[in-house]
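Trainee: I would like a close look at a single part of this model, taken slowly and with the contacts spelled out. Could you choose one region, and set it in the context of the rest of the chain?

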Amino acid sequence: MTAGSTLMNGTTAEHELAALQREHGRPLFALLLRLCDGDRQRAEDLVQETLVRAWQHPEALRADDFDSVRPWLMTVARRLAIDARRARQARPAEVGDAVLDNAGVISDHAERSAAMLDVRQAVKTLTPQHREVLVLVYFHGASVAEAAATLGIPPGTVKSRAYYALRALRRVLPGYAADLR
């Protein structure tokens, strides 16, 4: 397509634009592929945007200052590529799916609250002796010796009651069994 060609509304404009793409599309794509560091999708998008600019500004294609519209198209394409690169650099880096798959999941506060309620209900089902030992050792952080002194029972009894209390909780809380080991 030469500078003397005109773009008009309707099917003539579509034919002219198609001819413009056939004649200059491959060189535009090659230039943009280099400017986009081999990103084919981005280069294709920029070729389309360059052709849209040609369609929006037919007066630039009619100028008698040059024999071909290719220099104008190449200049527009190069400027679009530079603008796209600047826009990408201004935004935060995009995160790929692989990074998201490896990201640690932070538990939800609501899930933690629900789990606490479940555990409280389960502890209420224990016998008073088992509950006392469990509360002292696991919830208050007392050692076996401290719990034995507080309750006035031998340390072996504290250990066995704690063992059987946890076992009873595993039965009552089957979904939490892995957490109770």
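Mentor: What follows is a walk through the packing around helix H7, with a second, separate site taken up afterwards for context.

Please keep in mind throughout that this is a predicted model. The chain has nine helices and zero strands, and read along the sequence it follows the pattern α-α-α-α-α-α-α-α-α. Of its 181 residues, 26% are buried. Among contacts between residues at least 6 apart in sequence, 55% join residues at least 24 apart.

Helix H7 covers residues 128-139 and helix H9 residues 155-172, and the axes of these two helices come within 8 Å, crossing at roughly 100 degrees. An angle from 65 to 115 degrees counts as roughly perpendicular, and H7 and H9 are therefore roughly perpendicular to each other. On the H7 side, the contact is made by Gln 129, His 130, Val 133, Leu 134, Val 137 and Tyr 138, while H9 contributes Val 158, Arg 161, Ala 162, Tyr 164, Ala 165, Leu 166 and Leu 169. Sorted by class, the residues of this contact between H7 and H9 comprise ten nonpolar, two polar and one charged.

Within H7, the buried residues are Val 133, Leu 134, Leu 136 and Val 137. These buried residues of H7 pack against H6, against helix H8 (144-151) and against H9. Three of the four, namely Val 133, Leu 134 and Val 137, also appear in the contact of H7 with H9.

Tyr 138 of H7 deserves a separate word, as a member of the contact with H9 that is not buried. With a relative accessible area of 47%, Tyr 138 is partly exposed. Once its neighbours within four places in sequence are left aside, the contacts listed for Tyr 138 include Ala 162 and Leu 166. Tyr 138 and Ala 162 are 24 residues apart in sequence, and their C-alpha atoms lie 8.9 Å apart in space. Just after H7, Gly 141 takes a positive phi of about 75 degrees.

The other partner to consider is helix H6 (residues 109-124), which has 16 residues and reaches 23 Å from its first C-alpha to its last, close to the 22 Å expected at 1.5 Å a residue. Ala 115, Ala 122 and Val 123 are buried in H6, and seen down the axis of that helix its buried residues fall within an arc of 95 degrees, so they line one face. The face of H6 turned away from this buried side carries the exposed residues His 109, Leu 117, Arg 120 and Lys 124. Among the elements that cover the buried residues of H6 are H7 and H9.

Between H6 and H7 the axes come within 10 Å and cross at roughly 145 degrees. From H6 the contact draws on Val 119, Val 123 and Lys 124, and from H7 on Arg 131, Leu 134 and Phe 139. By class, this contact of H6 with H7 has four nonpolar, no polar and two charged residues. Leu 134 of H7 is thus listed in the contact with H6 and also in the contact with H9, and Leu 134 is itself buried.

For context, consider also a site between helix H1 (11-35) and helix H2 (residues 40-56). Thr 50 is found in H2 and is buried, with a relative accessible area of 0%. Leaving aside neighbours within four places in sequence, Thr 50 is in contact with Leu 28, Leu 32, Leu 73, Val 76, Ala 77 and Leu 80. Leu 28, whose place is in H1, counts as buried at 1% relative accessibility. The C-alpha atoms of Leu 28 and Thr 50 are separated by 8.6 Å, with the two residues 22 apart along the chain. Beyond its neighbours within four places in sequence, Leu 28 is in contact with Val 47, Thr 50, Leu 51, Leu 73, Met 74 and Ala 77, so that, under the same exclusion, Leu 73 and Ala 77 are listed for Leu 28 and for Thr 50.

In the loop between H1 and H2 lies Asp 37, which has a positive phi of about 55 degrees although it is not a glycine. Asp 37 is exposed, with a relative accessible area of 61%.

Terms used: Residues are numbered from 1 along each chain as its sequence is written. This is a predicted model: local features need pLDDT of at least 70, side-chain atom pairs count only at pLDDT 80 or more; totals for chains, interfaces and linings use all residues. Side-chain values use heavy atoms; hydrogens and water are left out. Axes are lines fitted to C-alpha atoms, for helices over the stretch in contact, and angles run from 0 to 180 degrees between N-to-C directions. Angles under 35 degrees count as roughly parallel, over 145 as roughly antiparallel, 65 to 115 as roughly perpendicular and the rest as oblique. Contact means heavy atoms within 4.5 Å. Ala, Val, Leu, Ile, Met, Phe, Trp, Tyr, Cys and Pro count as nonpolar, Asp, Glu, Lys and Arg as charged, and the others, Gly among them, as polar. The expected span of a helix is 1.5 Å times one less than its number of residues. Buried means under 20% relative accessible area, exposed over 50%, partly exposed in between (1.4 Å probe, protein chains only). The arc is that of the directions from the helix axis to the C-beta atoms.
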